[in-house]
Amino acid sequence: MPATTQAQALTATQIGGLTSTQLGAVSTTNLTLMDATQLGALTTTQLKGLTAQQVGALTVSNVGNLADTQIGGLSSTQLGAISTTSFSALSATQVSLINETQIKGLTANQIKALTTTDVGELSTTQVASLTTAQLGAMSTTNLSALNASQMAALTETQVKGLTADQLKN
(Lines give C-alpha, C1' and ligand atoms only; values in the text may rest on other atoms or scores of the structure.)
Protein backbone atom coordinates (compact mmCIF):
# COMPACT_ATOMS: atom_id res chain seq x y z
CA MET A 1 0.00 0.00 0.00
CA PRO A 2 1.25 3.53 -0.63
CA ALA A 3 2.69 5.82 2.02
CA THR A 4 0.47 6.62 4.99
CA THR A 5 -0.94 9.89 3.67
CA GLN A 6 -1.61 8.31 0.30
CA ALA A 7 -3.28 5.31 1.91
CA GLN A 8 -5.57 7.60 3.89
CA ALA A 9 -6.63 9.24 0.63
CA LEU A 10 -7.95 5.98 -0.84
CA THR A 11 -11.69 5.97 -1.24
CA ALA A 12 -14.00 3.32 0.19
CA THR A 13 -14.53 2.04 -3.36
CA GLN A 14 -10.79 1.66 -3.89
CA ILE A 15 -10.36 -0.11 -0.57
CA GLY A 16 -13.35 -2.32 -1.35
CA GLY A 17 -11.54 -3.40 -4.50
CA LEU A 18 -8.51 -4.76 -2.65
CA THR A 19 -8.15 -8.53 -2.49
CA SER A 20 -7.78 -10.26 0.87
CA THR A 21 -4.14 -10.96 -0.07
CA GLN A 22 -3.52 -7.26 -0.74
CA LEU A 23 -5.21 -6.30 2.50
CA GLY A 24 -3.07 -8.84 4.36
CA ALA A 25 -0.01 -6.95 3.15
CA VAL A 26 -1.19 -3.56 4.47
CA SER A 27 0.93 -2.27 7.32
CA THR A 28 -0.67 -2.13 10.74
CA THR A 29 -0.09 1.64 10.71
CA ASN A 30 -2.05 2.11 7.50
CA LEU A 31 -4.78 -0.23 8.68
CA THR A 32 -5.30 1.63 11.95
CA LEU A 33 -5.47 4.95 10.11
CA MET A 34 -8.51 3.87 8.10
CA ASP A 35 -11.61 5.85 8.97
CA ALA A 36 -15.09 4.47 9.54
CA THR A 37 -16.04 4.75 5.85
CA GLN A 38 -12.90 2.97 4.70
CA LEU A 39 -13.28 0.21 7.30
CA GLY A 40 -16.95 -0.12 6.43
CA ALA A 41 -16.00 -0.86 2.83
CA LEU A 42 -14.18 -4.03 3.82
CA THR A 43 -16.04 -7.24 3.12
CA THR A 44 -15.92 -10.27 5.38
CA THR A 45 -13.86 -12.01 2.67
CA GLN A 46 -11.32 -9.18 2.76
CA LEU A 47 -11.20 -9.26 6.56
CA LYS A 48 -10.29 -12.94 6.47
CA GLY A 49 -7.03 -11.86 4.80
CA LEU A 50 -5.95 -9.85 7.83
CA THR A 51 -3.34 -11.38 10.07
CA ALA A 52 -3.83 -11.69 13.81
CA GLN A 53 -1.14 -9.02 14.19
CA GLN A 54 -3.10 -6.62 11.99
CA VAL A 55 -6.35 -7.25 13.84
CA GLY A 56 -4.52 -6.93 17.15
CA ALA A 57 -3.34 -3.47 16.11
CA LEU A 58 -6.89 -2.16 15.57
CA THR A 59 -7.69 0.71 17.88
CA VAL A 60 -10.78 1.26 20.01
CA SER A 61 -12.10 3.54 17.28
CA ASN A 62 -11.36 0.97 14.54
CA VAL A 63 -13.11 -1.85 16.39
CA GLY A 64 -16.03 0.38 17.31
CA ASN A 65 -16.45 1.21 13.62
CA LEU A 66 -16.70 -2.40 12.48
CA ALA A 67 -20.16 -3.45 11.35
CA ASP A 68 -21.94 -6.37 12.96
CA THR A 69 -21.39 -8.53 9.86
CA GLN A 70 -17.69 -7.70 9.91
CA ILE A 71 -17.38 -8.87 13.53
CA GLY A 72 -19.13 -12.08 12.52
CA GLY A 73 -16.65 -12.54 9.69
CA LEU A 74 -13.58 -12.54 11.89
CA SER A 75 -12.01 -15.88 12.79
CA SER A 76 -11.63 -16.94 16.41
CA THR A 77 -7.88 -16.25 16.12
CA GLN A 78 -8.48 -12.76 14.76
CA LEU A 79 -11.09 -11.97 17.40
CA GLY A 80 -8.82 -13.26 20.15
CA ALA A 81 -6.03 -10.99 18.89
CA ILE A 82 -8.02 -7.80 19.54
CA SER A 83 -6.61 -6.00 22.56
CA THR A 84 -8.74 -5.97 25.69
CA THR A 85 -9.13 -2.21 25.42
CA SER A 86 -10.27 -2.37 21.80
CA PHE A 87 -12.47 -5.41 22.50
CA SER A 88 -14.36 -3.35 25.08
CA ALA A 89 -15.45 -1.04 22.22
CA LEU A 90 -17.78 -3.76 20.92
CA SER A 91 -21.42 -3.07 21.61
CA ALA A 92 -23.60 -5.61 23.41
CA THR A 93 -25.24 -6.33 20.05
CA GLN A 94 -21.86 -7.06 18.46
CA VAL A 95 -20.90 -9.32 21.35
CA SER A 96 -24.19 -11.18 20.97
CA LEU A 97 -23.29 -11.91 17.32
CA ILE A 98 -20.03 -13.67 18.15
CA ASN A 99 -20.59 -17.30 17.18
CA GLU A 100 -19.72 -20.36 19.24
CA THR A 101 -16.49 -20.99 17.30
CA GLN A 102 -15.35 -17.39 17.69
CA ILE A 103 -16.20 -17.28 21.39
CA LYS A 104 -13.71 -20.07 22.10
CA GLY A 105 -10.95 -17.79 20.79
CA LEU A 106 -11.62 -15.04 23.32
CA THR A 107 -8.94 -14.51 25.93
CA ALA A 108 -9.54 -14.45 29.68
CA ASN A 109 -8.89 -10.69 29.62
CA GLN A 110 -11.49 -10.18 26.89
CA ILE A 111 -14.01 -12.15 28.96
CA LYS A 112 -13.16 -9.94 31.95
CA ALA A 113 -13.82 -6.87 29.76
CA LEU A 114 -17.42 -7.89 29.10
CA THR A 115 -19.99 -5.70 30.78
CA THR A 116 -23.06 -7.09 32.54
CA THR A 117 -25.07 -5.87 29.55
CA ASP A 118 -22.79 -7.85 27.22
CA VAL A 119 -23.19 -10.96 29.37
CA GLY A 120 -26.95 -10.53 29.44
CA GLU A 121 -27.01 -10.49 25.62
CA LEU A 122 -25.14 -13.79 25.26
CA SER A 123 -27.24 -16.57 23.78
CA THR A 124 -27.51 -19.92 25.49
CA THR A 125 -25.40 -21.36 22.65
CA GLN A 126 -22.67 -18.80 23.35
CA VAL A 127 -22.77 -19.52 27.08
CA ALA A 128 -22.53 -23.27 26.43
CA SER A 129 -19.50 -22.59 24.20
CA LEU A 130 -17.49 -20.83 26.91
CA THR A 131 -14.53 -22.81 28.17
CA THR A 132 -14.08 -23.46 31.87
CA ALA A 133 -11.08 -21.09 31.81
CA GLN A 134 -13.24 -18.36 30.28
CA LEU A 135 -15.97 -18.88 32.86
CA GLY A 136 -13.33 -18.86 35.58
CA ALA A 137 -12.17 -15.47 34.33
CA MET A 138 -15.68 -14.03 34.53
CA SER A 139 -16.24 -11.71 37.45
CA THR A 140 -18.85 -12.63 40.05
CA THR A 141 -20.81 -9.56 38.94
CA ASN A 142 -20.86 -10.75 35.34
CA LEU A 143 -21.67 -14.30 36.32
CA SER A 144 -24.61 -12.93 38.32
CA ALA A 145 -25.83 -11.24 35.13
CA LEU A 146 -26.54 -14.62 33.55
CA ASN A 147 -30.27 -15.31 33.47
CA ALA A 148 -31.94 -18.64 34.26
CA SER A 149 -31.83 -19.84 30.64
CA GLN A 150 -28.17 -18.98 30.33
CA MET A 151 -27.36 -20.75 33.60
CA ALA A 152 -29.32 -23.80 32.45
CA ALA A 153 -27.18 -23.90 29.29
CA LEU A 154 -23.98 -24.45 31.31
CA THR A 155 -22.60 -27.96 31.02
CA GLU A 156 -21.67 -30.10 34.00
CA THR A 157 -17.98 -29.49 33.20
CA GLN A 158 -18.54 -25.73 33.13
CA VAL A 159 -20.35 -25.76 36.47
CA LYS A 160 -17.60 -27.87 38.05
CA GLY A 161 -15.11 -25.21 36.96
CA LEU A 162 -16.85 -22.36 38.79
CA THR A 163 -15.06 -21.03 41.85
CA ALA A 164 -16.52 -20.86 45.34
CA ASP A 165 -16.74 -17.06 45.06
CA GLN A 166 -18.63 -17.33 41.77
CA LEU A 167 -21.11 -19.73 43.32
CA LYS A 168 -21.80 -17.46 46.31
CA ASN A 169 -23.61 -14.92 44.15
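Let me begin with one residue, threonine 131, which counts as partly exposed because its relative accessibility is 32%, where partly exposed is the range between buried, under 20% relative accessible area, and exposed, over 50%, found with a 1.4 Å probe and protein chains only. Threonine 131 sits in the loop between helix H16 (124–129) and helix H17 (132–137), and helices here are DSSP runs of H or I with at least four residues, while strands are runs of E with at least two, numbered from the N terminus. From threonine 131 to lysine 160 the distance is 12 Å, C-alpha to C-alpha, with their positions 29 residues apart in sequence.

Before going further, a word on what we are looking at. This is a predicted model, in which local features need pLDDT of at least 70 and side-chain atom pairs count only at pLDDT 80 or more, whereas totals for chains, interfaces and linings use all residues. Residues are numbered from 1 along each chain as its sequence is written, and side-chain values use heavy atoms, with hydrogens and water left out.

Now the chain as a whole. The protein chain holds 21 helices and zero strands, and its C-alpha trace spans about 55 × 20 × 20 Å along the principal axes. Of the 169 residues in the protein chain, 36% are buried. If we take the contacts in the protein chain with a separation of 6 or more, 78% of them are between residues 24 or more positions apart, a contact being heavy atoms within 4.5 Å. The accessible surface of the protein chain is about 7800 Å², and carbon and sulfur atoms hold 53% of that surface, the areas coming from the Shrake-Rupley method with a 1.4 Å probe and, for residues, with only the protein chains shown counting as cover.

Next, two glutamines that can be described side by side. Glutamine 70 belongs to helix H9 (residues 68–73), and it counts as buried because its relative accessibility is 2%. Once neighbours within four places in sequence are set aside, glutamine 70 is in contact with Leu39, Gly40, Leu42, Thr44, Leu47 and Asn65. Glutamine 110, for its part, belongs to helix H14 (residues 108–113), and it counts as buried because its relative accessibility is 0%. What does glutamine 110 touch, not counting residues up to four places away in sequence? The residues are Leu79, Gly80, Ile82, Thr84, Phe87 and Gly105. In addition, the side chain of glutamine 110 reaches the backbone oxygen of leucine 79 at 2.9 Å.

Let me turn to residues that are far apart along the chain. Valine 60 lies in helix H8 (residues 60–64), and it counts as partly exposed because its relative accessible area is 40%. Although valine 60 and alanine 89 are 29 residues apart along the chain, their C-alpha atoms are separated by 5.7 Å, and alanine 89 is also among the contacts of valine 60, together with Thr85 and Ser86, when neighbours within four places in sequence are left aside. Alanine 153, in the loop between helix H19 (148–152) and H20, is 26 residues from valine 127 in sequence and 6.6 Å from it in space, C-alpha to C-alpha. Leaving out residues up to four places away in sequence, alanine 153 touches Thr124, Ala128 and Gln158. Threonine 29, in helix H4 (residues 28–32), gives a further pair, since its C-alpha atom and that of leucine 135, 106 residues apart along the chain, are separated by 34 Å.

Finally, the charged side chains. How many salt bridges are there, if a salt bridge is a side-chain nitrogen of Lys or Arg within 4 Å of a carboxyl oxygen of Asp or Glu? The count is two. In one of them, glutamate 156 pairs with lysine 160, with the closest N and O atoms 3.2 Å apart; both residues lie in helix H20 (residues 156–160), four residues apart, about one turn of the helix, and both are exposed. Aspartate 165 and lysine 168 also meet in a salt bridge, at 3.6 Å from N to O, and these two lie in helix H21 (residues 164–168), three residues apart, again about one turn of the helix. Aspartate 165 is partly exposed, with a relative accessible area of 47%, whereas lysine 168 is exposed, with 65%.

Technical notes. Polar contact = N/O pair within 3.5 Å; in protein donor to acceptor, adjacent residues only side chain to side chain.
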